[in-house]
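Student: Pick one part of this model and take me through it closely, please. I'd like to see how its helices sit.

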Amino acid sequence: MSLKQKTRELLKKREQVELGGGEKAIEKQKSIGKLTARERVLSLLDEKSFHEYDLFVEHDARDFGMETKVLHGDGVITGTGTIYGAPVCVFAQDFTVAGGSLGYMHARKITKIMDHALKMRVPLIGINDSGGARIQEGVNSLAGYGEIFFRNTLSSGVIPQISVILGPCAGGAVYSPALTDFVFVVEGISKMFITGPEVIKTVLGEVISMEELGGAKVHSEITGNAHFFAKSELECFDQIKKLITFIPWNNGQKARPFPPKEPKAEFDIEKIVPSDPTQPYDVRDVVRAIADDSDFFEVMENFARNIVIGFGRINGETVGFVANQPLVLAGVLDCDSSDKAARFIRYCNAFNIPLVTLEDLPGYLPGVDQEHAGVIRHGAKILYAYSEATVPRITVILRKAYGGGYIAMNSRHLRADFVFAWPGAEIAVMGPEGAANIIFRKEIANAEDPDAMRKEKVEEYKKKFTNPYVAAAKGYIDSVFEPSETRKFLMHAIEVSKNKKDGRPKKKHGIPPF
Amino acid sequence: MAKKEKMETLCINGTKYKTNLTESFRNRKNWTKPDERMVEAAIPGKILNVYVKEGQKVKAETKLFILEAMKMKNIILAPVSGVVKKIHVIEGQQVPKRTLLIEIE
């Protein structure tokens with residue numbers, strides 16, 4: 001056979017395998033509004049950048065008639081490519097091939113590209129669309145999952161790991177995304193659960209649809225499993241691409257800087273925050289008034305909305321914003337918001353992203369449900385995450401900073417590098433009403449007109465303590481400045497922390513309150 | 001920008017804040033002291049056997065039901081001694097989690 005003939009043979013073979021599960025299966029995939037695995041990879045990566053590996057891998061299952069079945073690529077596409085020039089490793093499960101079921105060789109392809117990503121220190125993106133374990137392959141299939149989970153954990157904090165749920169992801173399979181940094185879901189397409197509606201119905205008698213049990217909305221609003229929600233696959237890919245621009249390729253690098261850009265004029269920082277600390281506003285507007293081009297890329301937008309987290313740039317450098325949100329539950333810390341913020345802080349610390357904390361909170365959320373849900377344990381996560389973080393850490397106290405919340409939100413005492421305050425900041429053990437009631441309990445009780453006395457004492461307390469100067473007098477706050485100076489101060493703080501060196505005692509690892 | 005007209009109030013340490021409440025906050029259950037004389041299903045499942053009758057005297061740890069859940073036959077025992085006031089389930093009945101099964105007084 002001549003080389004030409006051999007080449008023709010290769011092309012024919014490739015064409016065949018690239019068709020995945022065949023035209024009928026592709027048609028079915030499309031009829032439910034899903035792209036094929038190949039289309040997904042190609043639309044996610046830079047044009048012509050995708051290089052595929054292990055196209056000709058075949059399964060080696062020998063039971064239950066599997067020996068006669070041909071499964072192209074064994075149901076998963078793997079390879080490398082670029083996103084805006086950043087190198088990435090990808091795998092995409094192909095639902096058209098045996099329902100994207102995970103057999104031994106399927107898993108081997110995934111773990112091979114995972115090993116590659118870790119060795120090359122580049123981000124890993126996994127597109128999940130699979131019915132689950134390939135039952136015919138028994139324990140070999142389970143072994144495959146285990147090998148993936150182990151590698152997810154090994155790579156955690158070394159390379160960015162992104163999971164995209166574009167179909168079912170059920171049973172044990174859900175734990176790979178759960179171990180990765182960011183999970184992307186798409187409305188109507190993503191389905192994640194440990195046990196599906198069928199099992200729940202037969203075993204427990206509860207009737208629920210897949211969407212209600214583990215759809216995209218559920219995971220972005222209720223469970224907190226997903227970090228990004230999109231209405232279509234293409235919107236989802238745009239989100240992934242945008243995320244890639246904000247983060248470094250690995251933990252030994254910094255995110256690539258962008259050309260600096262001033263915030264948009266429509267966000268007037270002087271006009272966003274009402275001076276009355278009981279009045280709400282959208283703290284994201286403050287972020288937009290500070291960040292380059294007013295571009296704020298929010299993470300977990302719909303979960304625990306009383307805290308806001310996400311990426312932006314200041315003077316071209318990526319920073320992670322953590323901000324209390326007075327618009328929702330007055331911006332209190334509670335179980336979910338602590339959990340949400342703590343993980344993000346640890347992400348930023350692992351990947352050399354400076355943290356900017358915008359503080360305005362009345363404290364922790366009171367209530368039996370919170371106490372019994374473990375607000376002590378969950379709340380501790382945020383203290384732990386800030387305390388262990390050695391990236392540049394800057395806090396701006398916009399308004400209230402009361403009690404335990406003040407300590408938790410990257411205070412000087414947890415080794416923040418810079419703590420700034422606006423002139424309207426109130427740093428105190430609690431709000432004036434609560435404090436006056438305790439300190440002046442006797443005076444109020446014994447007064448002829450207790451209400452008038454309470455009012456008087458609240459005013460007295462306000463005058464004395466609800467300002468930034470008591471804390472500034474102790475050096476807990478470095479600088480008090482006008483809101484309009486915030487960006488300038490942040491730019492400078494980030495500039496002077498460029499070579500920050502800060503260590504922690506050597507240890508195998510800490511014991512955070514998981 | 002925040003629309004202030006629609007805001008709700010949340011009181012923390014005596015101060016009333018204007019804000020939006022979340023659904024999970026609004027749906028939170030008010031805590032009530034658990035009453036151990038009201039026996040509930042700790043897990044959803046199927047009542048296979050009922051061993052007692054209304055009006056019967058029972059001692060603590062008397063076998064009350066078999067509740068089959070997750071392929072396990074769970075024995076439900078009386079938490080206290082007393083008289084069976086009312087039985088809320090019958091044999092073969094599927095019960096969701098936290099169904100009241102029996103009242104003892």
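Tutor: What follows is a look at helix packing in chain A. Bear in mind that this is a predicted model, where local features need pLDDT of at least 70, side-chain atom pairs count only at pLDDT 80 or more, and totals for chains, interfaces and linings use all residues. Residues are numbered from 1 along each chain as its sequence is written, with chains lettered from A and ligands numbered from 1 in the order in which they are written.

Start with H4(A), residues 104-120: its 17 residues reach 24 Å from first C-alpha to last, close to the expected 24 Å (1.5 Å times one less than the number of residues). Its buried residues (20 or more other C-beta atoms within 10 Å of their own) include A:Tyr104, A:His106, A:Arg108, A:Lys109, A:Ile110, A:Ile113, A:Met114 and A:Ala117. The buried residues of H4(A) pack against strands E2 (76-83), E3 (86-93) and E4 (124-128), plus helix H5 (138-155), of chain A. Right after H4(A) comes A:Arg121, with a positive phi near 55°.

Now for a helix pair. H12(A) (335-350) and H14(A) (375-388) pack at about 20°, with axes 8 Å apart. That makes H12(A) roughly parallel to H14(A) (angles under 35 degrees count), and their crossing is left-handed. On the H12(A) side, the contact (C-beta atoms within 7 Å) involves A:Ala341, A:Ala342, A:Ile345 and A:Arg346, among others. H14(A) brings residues including A:Val375, A:Ile382, A:Tyr386 and A:Glu388. By class, the contact has 9 nonpolar, 4 polar and 4 charged residues.

Notes: Helix = DSSP H or I, 4+ residues; strand = E, 2+ residues; numbered from the N terminus. Buried ≥ 20, exposed ≤ 12 C-beta atoms within 10 Å, placed from the backbone. Contact = placed C-beta atoms within 7 Å. Axes fitted to C-alpha atoms, helices over the stretch in contact; angles between N-to-C directions. Parallel < 35°, antiparallel > 145°, perpendicular 65-115°, else oblique. Left-handed = near helix turned anticlockwise from the far one by under 90°. Nonpolar A, V, L, I, M, F, W, Y, C, P; charged D, E, K, R; others polar.
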